[in-house]
Amino acid sequence: MPPLVGVELIQTPVQLYRYLLRCCRRLPSTPMQQHYRHAIRQGYNSHSDEDDPERIQMIIQRAVKDAEWILEKYAKKK
């Protein structure tokens, strides 16, 4: 499953948050979507005080890779 359009444009934590929430809509079941939405919200809140630009970019890159892995994982189960 290809990543959503615009993944290369993610530069800020808010853009990442919105991208990840859009990814959740592609998951197969509502409970699964709710679980990952909650995890995204928790991750956003736990890193909200981060101010190092390099660290923020590392978090963004890792989150996008994780989202792609999760979407691929559930796409294979269909």
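**Helices, charges and distances**

Biologist: Where does Arg-22 lie?
Modeller: Arg-22 sits in helix α1, which covers residues 13-24. Helices are DSSP runs of H or I with at least four residues, strands are runs of E with at least two, and both are numbered from the N terminus.

Biologist: What kind of model is this, and how are residues numbered?
Modeller: It is a predicted model: local features need pLDDT of at least 70, side-chain atom pairs count only at pLDDT 80 or more, and totals for chains, interfaces and linings use all residues. Residues are numbered from 1 along each chain as its sequence is written, and side-chain values use heavy atoms, with hydrogens and water left out.

Biologist: Back to Arg-22. Why does it count as partly exposed?
Modeller: Its relative accessibility is 31%. Buried means under 20% relative accessible area, exposed means over 50%, and partly exposed is in between (1.4 Å probe, protein chains only).

Biologist: What about Leu-16, buried or exposed?
Modeller: Buried, at 8% relative accessibility. Leu-16 lies in helix α1. Its C-alpha atom is 12 Å from that of Ser-48, 32 residues away in sequence.

Biologist: Which helix holds Gln-33?
Modeller: Helix α2, residues 30-46. Gln-33 is buried, at 16% relative accessibility.

Biologist: How far apart are the C-alpha atoms of Gln-33 and Glu-54?
Modeller: They are separated by 29 Å, with the two positions 21 residues apart along the chain. Glu-54 is in helix α3, residues 53-77. At 63% relative accessibility, Glu-54 is exposed.

Biologist: Which residues gather with Glu-54 in a patch of negative charge?
Modeller: Asp-49, Asp-51 and Asp-52 join Glu-54 on the surface. Patch residues have over 30% relative accessible area and no salt bridge; like charges are joined within 9 Å, and nonpolar side chains (Val, Leu, Ile, Met, Phe, Trp, Tyr) within 5 Å. Asp and Glu count as negative, Lys and Arg as positive; His and the chain ends are not counted.

Biologist: New topic. How many salt bridges are there?
Modeller: The count is 2. A salt bridge is a side-chain nitrogen of Lys or Arg within 4 Å of a carboxyl oxygen of Asp or Glu.

Biologist: Which residue does Asp-66 pair with?
Modeller: Arg-62, with the closest N and O atoms 3.1 Å apart. The two are 4 residues apart in helix α3, so about one helical turn separates them. Asp-66 is partly exposed at 33%, and Arg-62 is exposed at 55%.

Biologist: And what does Arg-55 pair with?
Modeller: Glu-50, the closest N and O atoms being 4.0 Å apart. Arg-55 is partly exposed at 32% relative accessibility. Glu-50 is also partly exposed, at 27%. The C-alpha atom of Glu-50 is 23 Å from that of Arg-22, 28 residues away along the chain.

Biologist: What does the UniProt annotation cover?
Modeller: An unreviewed UniProt entry gives "domain: Complex 1 LYR protein" for residues 12-68. UniProt positions follow the numbering used here, feature names are shortened, and annotations may be inferred rather than shown by experiment.

Biologist: How much helix and strand is there over residues 12-68?
Modeller: That stretch is 79% helix and 0% strand, and its end C-alpha atoms are 18 Å apart.

Methods: Areas by Shrake-Rupley, 256 points an atom, 1.4 Å probe, with all protein chains shown as cover. Charge placed at Lys NZ, Arg CZ, Asp CG, Glu CD.
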